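The following note is offered to a colleague who is meeting this structure for the first time. It concerns the pockets of the model and the residues that line them.

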Amino acid sequence: MAITIQSSSRRASAPITFRPPTGEDGAAVWTLVRACKPLDENSMYCNLIQCDHFADTCILAEMDGEAVGWISAYRLPDDPETLFVWQVAVSDKARGRGLGRRMLFDLLERDACDGVMRLQTTITRDNDASWGLFRGFARRLGARIEDTPHFTRSAHFDGRHATEHMVTIRLVEALSRAA
């Protein structure tokens, strides 16, 4: 992902606010994700369901009333101590401001994430922006980051998508060091 330098100093310094999404945000989230190549696009209905059903564990970032950041996440049904981050999107308009990292920290501070001890996501080897975000997040916490191939090209994607590596950041390690 390339970082775009904003020509307007107002835009570069405009405040960014965070909030849980609502069902009415589904279309804006869908539009944002489509603009953030190479993210996988979901249907607009999928983004609407994320905004409606998973609002407590998703986050929408806005600048001047426009959606500029998005994280979809959920607690694993069989392991509520793990928050799985499905997707992180940051608009060109807000890049270079640490927005992805800020959204992750804000999300983990919510009551809906009480008791979360691990953060997981899947990342393809060639997604440098995502690796940078999650490595930097782990480093900021003083936590280790682990990864293993999880959804493989041959077994899960019929050869049509690169292998997704399961990335795990153990938050409990960082919390015990801070105590």
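How much space lies in the largest pocket? The points below begin with that matter; the model is a predicted one.

1. The largest pocket holds about 540 Å³ of space. Its lining is made up of 23 residues, and those closest to the centre are Asp40, Trp86, Thr122, Asn127 and Glu164.

2. Three elements each give two or more residues to the lining of the largest pocket: strand S4 (79–90), strand S5 (118–124) and helix H5 (128–141). Strand S4 provides the largest share, with five residues.

3. As to the character of this lining, twelve of the residues around the largest pocket are nonpolar, eight are polar and three are charged.

4. The second largest pocket contains about 470 Å³ of space. It is lined by 20 residues; Val90, Arg95, Gly100, Ala129 and Leu133 are the ones that lie nearest its centre.

5. Which elements give two or more residues to the lining of the second largest pocket? They are S4, helix H4 (99–108) and H5. Here the largest share, six residues, comes from H5, whereas in the largest pocket the largest share comes from S4.

6. By class, the lining of the second largest pocket comprises eleven nonpolar, six polar and three charged residues.

7. A reader may wish to view the two pockets together, with S4 and H5 in view. Both S4 and H5 give two or more residues to the lining of the largest pocket, and both do so for the second largest pocket.

Notes:
Residues are numbered from 1 along each chain as its sequence is written. This is a predicted model: local features need pLDDT of at least 70, side-chain atom pairs count only at pLDDT 80 or more; totals for chains, interfaces and linings use all residues. Side-chain values use heavy atoms; hydrogens and water are left out. On a 1 Å grid over the protein atoms alone, a cavity is a set of points where a 1.4 Å probe fits but cannot get out, and a pocket is an open set with protein on both sides within 12 Å along at least five of seven lines; lining residues have an atom within 4 Å of a point. Grid points are joined across faces, edges and corners, and a volume is the space filled by probe spheres set on the points. Helices (H or I, at least four residues) and strands (E, at least two) are DSSP runs, numbered from the N terminus. Ala, Val, Leu, Ile, Met, Phe, Trp, Tyr, Cys and Pro count as nonpolar, Asp, Glu, Lys and Arg as charged, and the others, Gly among them, as polar.
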